[in-house]
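Reader: Hi! Could you walk me through this structure? I'm in my first year, so plain words please.

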Amino acid sequence: MDVNVARLAKDLAKIVGKKHVFTDRPTSIVYAKDVMPWDVEEKNVPYAVVRPSNSQEISKVLQYANEKLIPVHVHGSGTSLVGLARPKTRCILLDTARMKEIRVYPERSYFEAGPGAHLAEVRKLLTRHKAMLPVFPGSELVATIGGTIAVNTSAHGVDAALGKPGDYVLGLEVVLPTGEIISTGTESTRRAAGIDPTKFFIGSEGLLGVLTLIRMRLIPLPHFEHIVAYYKSTDDILDTVMEMYRQGIFPPLFFEFLDERAARVGYEAVGLEEPLGAVAMMRVHSWSKVGSEERAGDFIEFMKVGNPIEAKIVKDMEEWDKIWSSRAEAGNYMYRLGTTFGSEVTPRVDKLKDAYHEAKSVILNLESYKNPEFVSFGHIGAPTIHAYAFIPTKDIPNEVKKAITLEVREKTEELNIKYGGCGGEWGLTAQRVSFLKKRYEEGLYEVLLKLKRAIDPNDILNRGNLQGWT
Amino acid sequence: MDINETKAIRSTLLEEAGKCRACRFCIDVCPVYQATEWVESMSPYGRLQILKYLINGTLDEDDPLIYSLYTCLQCGRCDLLCRAKGQNLEVSNLIRMGKYLLSQGLVKGKKSEKV
């Protein structure tokens, strides 16, 4: 595509103001980079970064992009772990950072937020109103609410305990790829039965529109109790999760774990004594203090099925902060020792243990890199298996990083198919396309393509994500 | 500074900036990022990436690049955040080293590297 960048900059400046258009290479590269382990390539670098302040400006940018047939890539904070945030083609990168207003309406029992609001800021404000934000990604500090609802990720939250963030969305304002601005949903806490277009856009990953306002129900802030449990091995934790679902025990809000390797690294990093085996951590919630204490006590009693070395409620918040940091920052603690290649398997709950061991075997027997180490940590109670290949060096050529990433993806896709998983929460379209085709055959993928063409006939928004990265 | 010392600084910078995972956790604590209405190339994360791509020859030394690096206030908030979030990079010191190389004409980016 032949784009006159100087002309583009002038045209975009007419819409958002000169101050909010960047065409310099340093800025473009910084926005294109994401957590994916290999460097950005020329094809990923945007022609321009544009930073609108409202939905009208976004509408004009999209109308312009359709007229000129230039792709537009929507950017929240770029924290996706599997490539959603990296433009697949040269494009106008549309940064939502200036749209971060948050308004809480206690009397209406909802809040509204601009897409660029960081989750930590939203949570801080909601806490003042004694309300809980039902979203718990590790990247909360900078992850945006627009990105979160566009992906519909629960992260630490166990789906069976709280549902998905999208379940709490009452309505949206959306700018369609062709520039029309629409509103969906309700201002009541009563949501529509039947067809509610709000649901089309929740989890649509910026393929069907740009979310410009998110309205979510206020959830009364519950009381929490925290549990840590030490086990001889990860297998005991897997048994506990399977038994929890088999017995129909109400799951904790968080049910996280560190395998033996991650537990050693994490505990050392936060200055705690090295555990003897694997560690599980839970957050239990209830609407009363007595209720949360009772639930925590009951859960500890239940946990005896997994024969923990020790399981206890942690009341000292300083101690809990350290314990939780060993898990919350586990990805960074491992990454600073080398390079990690992650995967996600979300098996049927009764097959968790089989799937875990097969995922481990996949990692240990990679063809693209011999003898990587295996490490695992994450939302095991969800259940999600994050099986990582860990290589204790940063000095790996880009093409090898790519080969490892693709092999891990392909082989763990097979496990998701074998064990009935959906691909999981990292399974964004950018990474999920080949899985979708294998899991559901071409028919379902064709439906997605038709839907995309119907709403975005020029394939303007997030071009390439529905084709997947390779 | 002799050529070996320059090489050593370049090599350290490339290695250390290469450790940045691009998690972006540090951006919000940067006063310049806040003052520029949240432009990522004006954040600690952005500056580290810019340094990496300058030294590996992907970027040229140009005005926007210099502006980004030289607007770092060296307040060190990003260092604390990076440590707290597990990466533990000395971000502000790396930016300071990068500015030093630039000011001494010891790194000039893509075009000059080719020459």
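Author: Happy to! This is a predicted model. Along its sequence, chain B follows the pattern α-α-α-α-α-α-α.

Reader: How many helices and strands does chain B come to, then?

Author: Seven helices and zero strands.

Reader: And how compact is chain B?

Author: Its radius of gyration is 13 Å, close to the 13 Å that the globule rule gives for 115 residues, so chain B is as compact as a globular protein of that length. Along the principal axes, the C-alpha atoms of chain B fill a box of roughly 40 × 25 × 20 Å.

Reader: What percentage of chain B counts as buried?

Author: That would be 44% of the 115 residues of chain B. Looking at contacts in chain B with a separation of 6 or more, 64% come from residues 24 or more positions apart.

Reader: Cool. Switching topic: how many residues of each chain are in contact with the other chain?

Author: On the chain B side there are 25 residues, in contact with 26 residues of chain A. H3 and helix H4 (63-70) of chain B each supply at least two residues of the side that touches chain A. H3(B) gives the most to that side, with four residues.

Reader: What kinds of residues are on that side of chain B?

Author: The side of chain B that touches chain A has ten nonpolar, eight polar and seven charged residues.

Reader: Now the core. Which residues touch the most other members of the largest nonpolar core?

Author: Val72(A) and Ile92(A) do, in a core of 108 residues. Helix H3 (residues 44-55) of chain B gives the most to this core, with seven residues.

Reader: Which residues does Ile92(A) touch?

Author: Leaving out residues up to four places away in sequence, the residues that Ile92(A) touches include Pro46(A), Tyr47(A), Val61(A), Ile70(A) and Val72(A). There is also a second, separate core of 59 residues, with Leu162(A), Ala229(A), Val284(A) and Tyr419(A) among them.

Reader: Why might nonpolar side chains be buried together?

Author: As a general tendency, that is how nonpolar side chains are found in soluble globular proteins.

Reader: Last one: which strands does E17 of chain A join up with?

Author: Strand E13 (residues 254-258) of chain A runs antiparallel to strand E17 (residues 373-378) of chain A, with two bridges joining them. There, Phe257(A) stands opposite Gly378(A) in E17(A). E17(A) is also joined by four bridges to strand E18 (residues 387-391) of chain A, again antiparallel. In E18(A), Phe390(A) is the bridge partner of Glu373(A).

Technical notes
Residues are numbered from 1 along each chain as its sequence is written. Chains are lettered from A and ligands numbered from 1 in the order in which they are written. This is a predicted model: local features need pLDDT of at least 70, side-chain atom pairs count only at pLDDT 80 or more; totals for chains, interfaces and linings use all residues. A nonpolar core is a set of buried Ala, Val, Leu, Ile, Met, Phe, Trp, Tyr and Cys residues joined through C-beta atoms within 7 Å. A residue is buried if 20 or more other C-beta atoms lie within 10 Å of its own, exposed if 12 or fewer, and partly exposed in between; C-beta atoms are placed from the backbone. Two residues are in contact if their C-beta atoms, placed from the backbone, lie within 7 Å. Ala, Val, Leu, Ile, Met, Phe, Trp, Tyr, Cys and Pro count as nonpolar, Asp, Glu, Lys and Arg as charged, and the others, Gly among them, as polar. The radius of gyration is taken over C-alpha atoms; the globule rule is 2.2 Å times the number of residues to the power 0.38. Two strands pair if DSSP finds at least two bridges between them.
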